[in-house]
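Student: I'm new to this one. Could we go through it together, with me asking how you know each thing?

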Amino acid sequence: METQLDPMKDDLPLMANTSYMLVKHYVLDLDVDFKGKVIEGSIVLFFETGSQYRKTSSAGKECCQSQLDETCEMRVFEPCHIPMINVSTCSSKMECNDFAISGKEEEATSDQNSNHSNSEQASGISSSKDHCDVENHGNKDFLLVLDCCDLSVLKVEEVDVAAVSGIEKFTRPAKLTGVSQELENLRNQIVHELVTLPADRWKEQLYYFTHCSQAPGCGELLFSTGTWSLEIRKSGIHTPADFPHAIRIWYKTKPEGRSVTWTADQSGREPCVYTMGSPINNRALFPCQEPPIALSTWQASVRAAAGFVVLMSGENSAEPVQLQEGILSWYYYVSMPMPASTFTIAVGCWQEVKQQSFEQTAAVETNTEFSLPSSQTDFRWHEEICGHVEYPCRFQDPAARLQAVIPYRVFAPWCLMESCEEYLLQLIPQCLSAAYATLGTHPFSRLDVLIVPSNFSSLGMASPHIIFLSQSVLPGGSHLCGTRLCHEIAHAWFGLAIGARDWTEEWISEGFATFLEDIFWARAQQLSDDEIKGQQELKALLRWRRLRDEVQNSEEELQVLRPKKESTGELSESGASVVKYGLKAEKIFMQVHYLKGYFLLRSLARTIGEVSYLASLRKFVIKFHGQLVLSQDFLSMLLEDVPKQKGSGLTVESIFQNWLDTSGIPKPLLEEGETWKECQLVQQVSGEVTKWIQTNRRIRKSSKKKRKQNEVVFQQLLPDQLVLLLESLLEEKTLCPRILQCLERTYQLQEQDAEVSH
């Protein structure tokens with residue numbers, strides 16, 4: 001049984017016992033109900049026995065018996081639509097065409113009006129005596145724990161994968177040597193063979209996952225829902241190896257669930273729902289294993305009313321299929337194992353924003369050629385064998401390695417389509433190409449960009465194959481839109497393809513994306529070296545001011561980038577852990593992980609030299625893509641490449657001490673803080689600030705006199721310069737109304753981007 005944790009406390013619990021059983025694949029089959037504000041259906045989970053307990057399973061019973069509370073009834077669902085793969089046409093190539101359609105799921109038949117609360121669903125395993133002690137199994141039942149919150153679980157059952165036609169190929173006697181032929185073990189052996197198929201058979205694997213997910217149930221399992229978890233057991237099963245390795249969970253979300261938000265789009269008329277990057281991740285969207293170590297693939301069939309578009313973080317661009325009048329089904333999948341937290345969905349009346357003409361598209365694509373590297377030698381790391389678990393990897397695909405701009409689409413409500421056409425559509429290929437020139441192969445094969453509703457709480461959020469952008473990045477020119485786009489594109493490498501093994505090390509994602517945002521945007525703009533230096537020093541000063549203010553106005557414990565210090569990355573024996581301060585409300589609005597992480601990386605780049613530093617970043621990407629890392633993995637590799645004369649005594653331990661394990665402004669940064677004020681762009685702002693302050697004083701002194709003075713000439717400023725100017729003027733005790741009006745006229749503040757307006 002789970003330790004009872006108060007959801008109002010600071011730490012986010014990751015309850016799943018991944019050391020005993022590890023999810024390898026999810027199959028979701030869901031209906032989106034806008035009237036009830038729920039998503040409902042089923043999810044099938046395919047497991048491998050975890051690292052803590054791998055052994056040959058003992059004899060099981062021929063078929064599992066239903067032990068579920070008889071009061072737990074189940075709703076009737078429409079037949080599932082999941083496109084099928086014609087196995088005979090599967091090839092081992094990287095490309096995957098949309099699959100041909102066939103097949104049905106058997107209909108569940110039961111009471112349609114079931115509506116149970118969590119307390120009504122509990123199946124009688126709520127006390128600690130039922131907890132499985134894996135070290136001392138005795139006669140205790142093994143307990144599978146999944147991360148789950150704000151879900152109504154209706155039924156849990158074992159799936160009879162042995163009933164699937166053609167599954168015999170996974171049950172050859174040679175593969176079952178020394179293992180009981182009893183049906184229960186046969187099912188687990190089939191799942192084992194299926195989840196361990198080699199990467200070049202991924203289409204065949206997906207085909208059988210689809211059919212196995214539609215197989216009938218063969219017995220209901222006991223389950224109980226807690227504040228943070230779903231606990232499942234099968235009576236008489238004492239070990240993870242003997243526990244069913246394919247289970248189906250029937251459930252529905254709750255309108256108040258914190259993983260998705262239900263709202264209206266910017267038109268104010270059309271409803272929509274999307275995953276908004278909740279601190280609790282996806283556990284209120286589907287039962288899952290949240291710990292990052294639970295890398296898994298997934299496929300999903302999602303049905304919604306006609307007129308709605310379903311976008312997801314899948315690697316295919318789904319085409320809707322009409323199941324019945326007024327209902328469309330959308331099918332997505334991924335073949336790269338990733339944490340469940342990266343799963344993303346957005347359903348709304350989105351419109352695709354397209355280029356107005358072929359000539360325009362050609363011009364934009366031609367304009368991005370500048371960013372192709374002059375030599376491919378830096379990218380020959382690709383010839384090495386990848387270090388990740390096996391999957392169809394783009395880093396091993398010669399065509400993908402040369403693809404500077406991956407296919408992309410833009411979606412928005414109809415009322416924002418014109419705004420998207422103005423800058424965003426043109427910026428995407430420029431930013432993608434700049435990213436490719438910096439880091440090499442794009443980890444993901446395509447990109448959708450969606451302008452999400454106005455209740456979105458940040459400027460952007462990156463997931464595999466899809467980026468959410470706030471509507472706030474659209475007005476005021478290309479600067480904010482471009483920098484935010486570059487930031488989110490950078491997450492494809494840092495945060496997604498390479499993830500933090502411990503979520504408290506958020507800087508590995510956000511610090512890198514903030515640092516690379518500047519590199520990408522400079523290349524996208526084709527700036528000269530002097531222009532790049534000026535813009536980056538101006539940006540550094542703005543970020544320094546932001547970090548200084550945040551350090552002065554936040555709790556010290558939230559300023560530490562590695563709050564768990566030496567225990568970072570450690571798990572309990574079961575695999576459960578906590579994300580320190582993961583639920584602390586203030587943390588959501590803090591930028592310390594972005595800013596201190598950025599300044600650390602900037603400091604390292606200055607010490608080593610930018611060319612050598614970026615070469616080390618590319619090397620790191622090649623070595624660690626598809627894997628989870630800790631801070632020391634990056635720092636150790638980087639310092640190995642640094643000549644001793646440049647290292648200045650840098651060690652992993654000194655970086656921990658100065659940058660990652662302490663609160664406040666890092667000591668090396670205190671020494672650097674004054675240097676940015678000498679930058680020409682900053683000096684220009686200082687001159688303008690002086691003019692405005694003098695003008696303000698003159699106006700206040702001569703407010704009752706008629707003045708006829710020479711008009712002051714103010715210079716036009718870049719958006720970041722304007723931010724610095726306005727921040728500096730805010731430090732004045734008083735500014736007279738006429739100065740505010742004059743500021744508005746001089747810089748046309750109403751037409752500037754969101755950062756200037758803020």
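Student: What makes you say that Leu 617 is in contact with Phe 494?

Tutor: Contact requires heavy atoms within 4.5 Å. Leaving aside neighbours within four places in sequence, Leu 617 has such contacts with Leu 439, Phe 494, Phe 512, Phe 515, Leu 516 and Phe 634. Keep in mind that the model is predicted.

Student: Which residues touch the most other members of the largest nonpolar core?

Tutor: Leu 617 is one of them, along with Leu 424, Phe 494, Phe 520, Tyr 613, Phe 634 and Leu 725. That core has 119 residues. At least three of its residues come from domain 2 (350-356 + 387-678), and at least three from domain 3 (680-751).

Student: And what does the second core include?

Tutor: Tyr 251, Trp 298, Phe 308 and Phe 456 are among its members. This core is separate and has 64 residues.

Student: How do you know how many disulfides there are?

Tutor: You need two cysteine sulfur atoms within 2.5 Å. By that rule the count is zero. Take Cys 288: the nearest cysteine sulfur belongs to Cys 148 and is 8.3 Å away, so with a cut-off of 2.5 Å Cys 288 is in no disulfide. Cys 486 has its nearest cysteine sulfur, that of Cys 431, at 3.5 Å. The cut-off is 2.5 Å, so Cys 486 is in no disulfide either.

Student: Why is Cys 486 called buried?

Tutor: Buried means under 20% relative accessible area, and Cys 486 has 0%, so the word applies. Cys 288 also comes out at 0%, so Cys 288 is buried as well. Across the chain, buried residues make up 58% of the 758 residues.

Student: Let's turn to the sheets. What makes β17 and β20 edge strands?

Tutor: Each pairs on one side only. β17 covers 351-353 and β20 covers 460-463. Their open sheet has five strands in the order β17-β18-β19-β21-β20. The twist there averages 25 degrees from one strand to the next.

Student: How do you know that β18 and β19 count as a pair?

Tutor: At least two bridges are needed, and these strands have four, so they pair. They run in the parallel sense, with β18 at residues 408-412 and β19 at residues 447-451. For one bridge, look at Arg 409, whose partner in β19 is Asp 448.

Student: Which helices go with this sheet?

Tutor: Helix α6 (residues 417-439) lies across β17, β18, β19 and β21 (466-469), at about 155 degrees to β18. Helix α7 (residues 479-490) packs on the sheet too, touching β20 and β21, and its direction makes about 145 degrees with that of β21.

Student: What is the strand order in the antiparallel sheet of four strands?

Tutor: That open sheet goes β10-β11-β16-β13. β10 (260-264) and β13 (309-312) each have a single partner strand, so one side of each has no neighbour in the sheet. Neighbouring strands are turned by 15 degrees against each other on average, direction ignored.

Student: What makes β10 and β11 partners?

Tutor: Five bridges join β10 to β11 (residues 271-275), and the cut-off is at least two, so they pair. These two run antiparallel. You can spot Trp 262 opposite Val 273 in β11.

Technical notes
Residues are numbered from 1 along each chain as its sequence is written. This is a predicted model: local features need pLDDT of at least 70, side-chain atom pairs count only at pLDDT 80 or more; totals for chains, interfaces and linings use all residues. Side-chain values use heavy atoms; hydrogens and water are left out. Buried means under 20% relative accessible area, exposed over 50%, partly exposed in between (1.4 Å probe, protein chains only). A nonpolar core is a set of buried Ala, Val, Leu, Ile, Met, Phe, Trp, Tyr and Cys residues joined through side-chain atoms within 4.5 Å. Domain bounds come from an automatic or database domain assignment. Axes are lines fitted to C-alpha atoms, for helices over the stretch in contact, and angles run from 0 to 180 degrees between N-to-C directions.
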